[in-house]
Amino acid sequence: MPNVSSPHSPKQNHLLDALPAADYARLLPHLELIPMPLGWAVYEAGGQMLYLYFPTTCIVSLLYVLENGASAEIAITGNEGLVGISLFMGGESTPSRAVVQSKGNGYRLRASVLKTEFALGGRLQYLALRYTQALITQMAQTAVCNRHHTLDQQLCRWLLLSLDRLPGNELLMTQELISNMLGVRREGVTAAAGKLQADGLVKYSRGHIVVLDRPKLEKRVCECYAVVKKEFDRLLPYEVPPH
């Protein structure tokens, strides 16, 4: 049985860690540890969803893909949340796709088990719905940011949101994947990352990004990062209520 001190544990995901002991024990036999490699499509647009995913050490990007193949990121999910909200919102599928943007591990839960758990109306349902509201805020703020703020600011927002979902200060990303996330040409990403590197905020080489000065990065970013973080902190304090 996994535990908090083991190399891999469902409790590395904040939503699962916030479950009362009885709820967690009920779900534990159904949680399957899986590797989530860089670039893996967790689900495709319009595809049938068979599992709900709880990332632990990876980051998953939710993307909208146009008919011509162009794409743009609408939100990211890491150890603070889950992937596959359509399974409990009633839609069963979605026009967006989910792709692993930073490799790692996660746990998956069969859709049938999820629906049984939701029917109980317990803590998992409560947390999943609160998370969904926070995710909608992130999607809306991303749309505003992409329309009104500079690419430099967007890159800062994306870096900070990603770092909040990882244990360290490093990101391993291909330049192509970053450009797909932000919906811009690769040259734009190179120029924006170059500015941050020249100012000593990051070290960037072949898709390997190391954040050197987070406080300065937070000063450079637009208001969108703080709006999203504040809403997540408000909706998901993650405490288990007293019994």
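In which sense do strand β4 (residues 59-65) and β6 pair, and over how many bridges? Select both strands in this predicted model, and the pairing can be followed in the antiparallel sense over five bridges, with S102 in β6 as the bridge partner of I59.

Keep β6 selected and add strand β2 (residues 41-43), which also pairs with β6 in the antiparallel sense, here over two bridges; A41 has V99 in β6 as its bridge partner. Five of the six residues of strand β6 (residues 97-102) are buried, so the strand is largely enclosed by the rest of the structure.

Turn next to the salt bridges, of which the structure holds eleven. Select R108 and E32, whose closest N and O atoms are 2.8 Å apart. Because R108 lies in strand β7 (residues 104-110) and E32 in strand β1 (residues 32-36), this pair ties together parts that are 76 residues apart in sequence. E32 is partly exposed, with a relative accessible area of 35%.

Now select E80 and R165, a salt bridge with its closest N and O atoms 3.1 Å apart. E80 lies in the loop between β5 (71-77) and α3 (86-89), and R165 in the loop between α6 (151-163) and β8 (170-172), so the pair ties together parts that are 85 residues apart in sequence. E80 counts as buried at 7% relative accessibility, and R165 is buried with a relative accessible area of 5%.

Finally, move to helix α10 (residues 224-235), where D233 and K229 lie four residues apart, about one turn of the helix; their salt bridge has its closest N and O atoms 3.0 Å apart. D233 counts as partly exposed at 46% relative accessibility, and K229 counts as partly exposed at 34%.

Methods. Residues numbered from 1 in each chain as written. Predicted model: local features only at pLDDT ≥ 70, side-chain atom pairs only at ≥ 80, totals over all residues. Heavy atoms only, no water. Buried < 20%, exposed > 50% of the residue type's maximum accessible area, 1.4 Å probe, protein only. Pairing = 2+ DSSP bridges. Salt bridge = Lys/Arg side-chain N within 4 Å of Asp/Glu carboxyl O.
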